[in-house]
Structure formats: structure tokens, C-alpha cells
Amino acid sequence: MKISNEVLEQSLPWPALIDAIRKQFIAGCDVPVRHHHYMETTTASDATLLLMPAFESGEYVGLKIVNVFPDNNAISLPSINADYLLYSGKTGELLAMLDGGILTARRTAAASALAAKFLAKQDASTLFVVGSGRVASLIPEAMRTIRPIRDVKVWDLNKDNAQRLVDKLSERGFNASVELDLEVGTKGADIISCATLSTTPLILGEWLKPGQHLDLIGSFTPSMRETDDTAMSTADVYIDVETAFLESGDIIEPMKTGALSKSDIKGDLAVLCKINGGRESEKSITVFKAVGTALEDLAAAKLVYNMKSKLN
């Protein structure tokens, strides 16, 4: 069953998606290490094939296939193409095919909102979004599901891109505006959410104040960073999964300098879901560093399939 992009988005409403991911973290599933295969191309850069499996024995088997062709931008094509396949865990038959890009973007934003549900202050109403890409554009609506978010400021290296996102958010009922100063935006927000490809820190620890929650999405390779050692050494740090220790520069670099140790990590997303909490006080500064996991893909795909099945 090929599920259209329109139906896919309609089948992933934020409250249901956030709860589905919460339940999946509590229940767990098998998540083998993702496979990386490098391929020569006819252009300057090599391509990468990523295979991300996850399965529940006797229930479901999921596989995300991602093709990364970096030079596609030169011919006005997206550099990343992804598909998700959901199979029966009883018979192995194909149940559904879904657009992997939509699935990934929505589950990523939902996972950040899930973490914020446990780590952000209950009355958090101001959000600073750093970045204006696909995932960044979804963060405000996902966060509004779990906190009374009213005011949203957006920063991006490209001011025009930031303004375009602000216009869309305004249409959705947010009091949205462009922020040109990272320090000002950080100091004025209850929640700071970063979804960039930055290789240098954007949010400095010296700007953070008691009670804030910093959400880091973008650093998914050892060379990428969105915050500095000061932030990681002073905040209560949580991760989504253990692979963050191997994949994120925001974790790897402060561990190299001694600003952060493995024992400093307060817990992962599974722990937060199981204890149904995490923030220790109103004055705590919290950080959630995510690198993504196929567990979240499986949770989202199951939700879509079950919703679609009920409609048929």
C-alpha cells in the first residue's frame, strides 16, 4: 500500500505522534546499527546510501532507505531522497510505503516536543527557533502541542528564509518575528530549539539563564556543533539515544575537553518516558541533544498504517 504524502501528513497529528513515540520508547524495539554505504558518482562528491532498520519480533519490521547525493543542488534537485517500508513481523509481507522525508521531519520535531514535555517549564510560552529548514518549520507546532507557546522568534543565516518561515507561522496563529541577534533571541526565550547544519557553536552557554530548555537537533556528525562547552558543562544534559556519544559533536567535543563526561548525562529519552519527568527544579537549565533513531521512524510508520487501516 503506497500512502500519499497528503494522507501521510494527515495521519501524523502532533498529539498522536508524540504519544506514539513515547509509548515506543517505553516498550522498546530492536534497532540495529544503521548501515552506511558510499558510492561513486559522475559528479565531484560521492553519494551515500543509508539503511536504518527497526523491528518488533512478530509485530512489525521497518526499514528507512536514504540516498544522499550532495551535488544534486547544482541541478535543482533535493540532495536527500528517502523512503520508508513497513512490513508485517508475522509474515514479512509489505504493508506500506511512505515518504521517508516527511516521516523523518515530523518524527524529529515530535521527539523534541516529547523531550520538552519532560524538561521545559510548564508555563513555557516563548520559543526561539534557530534555523528555518524543513524540521525547524515544524518545531513551533510540535512544541505548541505540549506547552502554551505563543511567541516565536526565528533566526537564520539567510534573513529571507527566516522571514518566509515567520510569515507561515503568523498564518498559523503564532506571534512570530525574525530575530537578527542570537544572543538576544536566546536570552528572551523559554525554549531554544536549534535545527541547523552548523559546525561552530551558535548558542553560547553564557547566554543561558535559569529555567531555560535548550533543544539541539542539528549536530548529527562529529564535526557539527550548535552549542559550546559552557552550556554542556552547566546544564542538565539529556540525550535521545546512546549513539549520540558517537555521532554528535555537541557531545563528543566537550567530552574531549573534559567539560562533559559520560556520567554527567542525566539520562536518555527512554528514561524520561519511563519516569514521566526530568526537570529537577524551576531554575534548572536543561539540554536535550538528539541524533535520531529508527525507533521513532517505526513508531511513526505504525501510527500511519493503523490510522489508514481504520479508515479503509
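Reader: Which share of the contacts in the protein chain, counting residues at least 6 apart in sequence, joins residues at least 24 apart?
Author: In this predicted model, 69% of the contacts between residues at least 6 apart in sequence join residues that are at least 24 apart.

Reader: And how many helices and strands does the protein chain have?
Author: The protein chain holds 11 helices together with 13 strands. Its radius of gyration is 19 Å, close to the 20 Å that the globule rule gives for 312 residues, so the chain is as compact as a globular protein of that length. Along the principal axes, the C-alpha trace spans about 55 × 45 × 45 Å.

Reader: What percentage of the residues is buried, and what area does the chain expose?
Author: Of the 312 residues in the protein chain, 53% are buried. The exposed area comes to about 14000 Å², and carbon and sulfur atoms supply 52% of that area.

Reader: Changing topic, how many positive and negative side chains are there?
Author: The protein chain carries 32 positive and 40 negative side chains, with the centres of the two sets lying 6 Å apart.

Reader: I was looking at helix α4; where does it bend?
Author: Helix α4, which covers residues 134-146, bends by about 30 degrees at Pro 140.

Reader: Is Pro 140 itself buried or exposed?
Author: Pro 140 is buried, and other buried residues of α4 include Leu 138, Ile 139, Ala 142 and Met 143.

Reader: There is another proline I picked out, Pro 254; which helix is it in?
Author: Pro 254 belongs to helix α9, which is made up of residues 249-257.

Reader: Why does Pro 254 count as buried?
Author: Its relative accessibility is 0%, and buried means under 20%, so Pro 254 falls in that class.

Reader: Which residues is Pro 254 in contact with, leaving aside its neighbours within four places in sequence?
Author: With those neighbours left aside, Pro 254 is in contact with Arg 225, Asp 229, Met 232, Gly 249, Ala 259 and Leu 260. As for Asp 228, which is 26 residues from Pro 254 along the chain, the C-alpha atoms of the two are separated by 7.7 Å.

Reader: One last residue, Asn 276: where is it found, and what is its phi?
Author: Asn 276 is found in the loop between α10 (269-275) and β13 (286-289). Although Asn 276 is not a glycine, it has a positive phi of about 55 degrees.

Reader: And does Asn 276 count as buried or exposed?
Author: Asn 276 counts as exposed, because its relative accessibility is 57% and exposed means over 50%.

Terms used: Residues are numbered from 1 along each chain as its sequence is written. This is a predicted model: local features need pLDDT of at least 70, side-chain atom pairs count only at pLDDT 80 or more; totals for chains, interfaces and linings use all residues. Side-chain values use heavy atoms; hydrogens and water are left out. Helices (H or I, at least four residues) and strands (E, at least two) are DSSP runs, numbered from the N terminus. The radius of gyration is taken over C-alpha atoms; the globule rule is 2.2 Å times the number of residues to the power 0.38. Buried means under 20% relative accessible area, exposed over 50%, partly exposed in between (1.4 Å probe, protein chains only). Contact means heavy atoms within 4.5 Å. Accessible areas come from the Shrake-Rupley method with a 1.4 Å probe; for residues, only the protein chains shown count as cover. Lys and Arg count as positive and Asp and Glu as negative; His and the chain ends are not counted. The place of a charge is taken as NZ of Lys, CZ of Arg, CG of Asp or CD of Glu. The bend at a residue is the angle between axes fitted to the seven residues ending there and the seven starting there.
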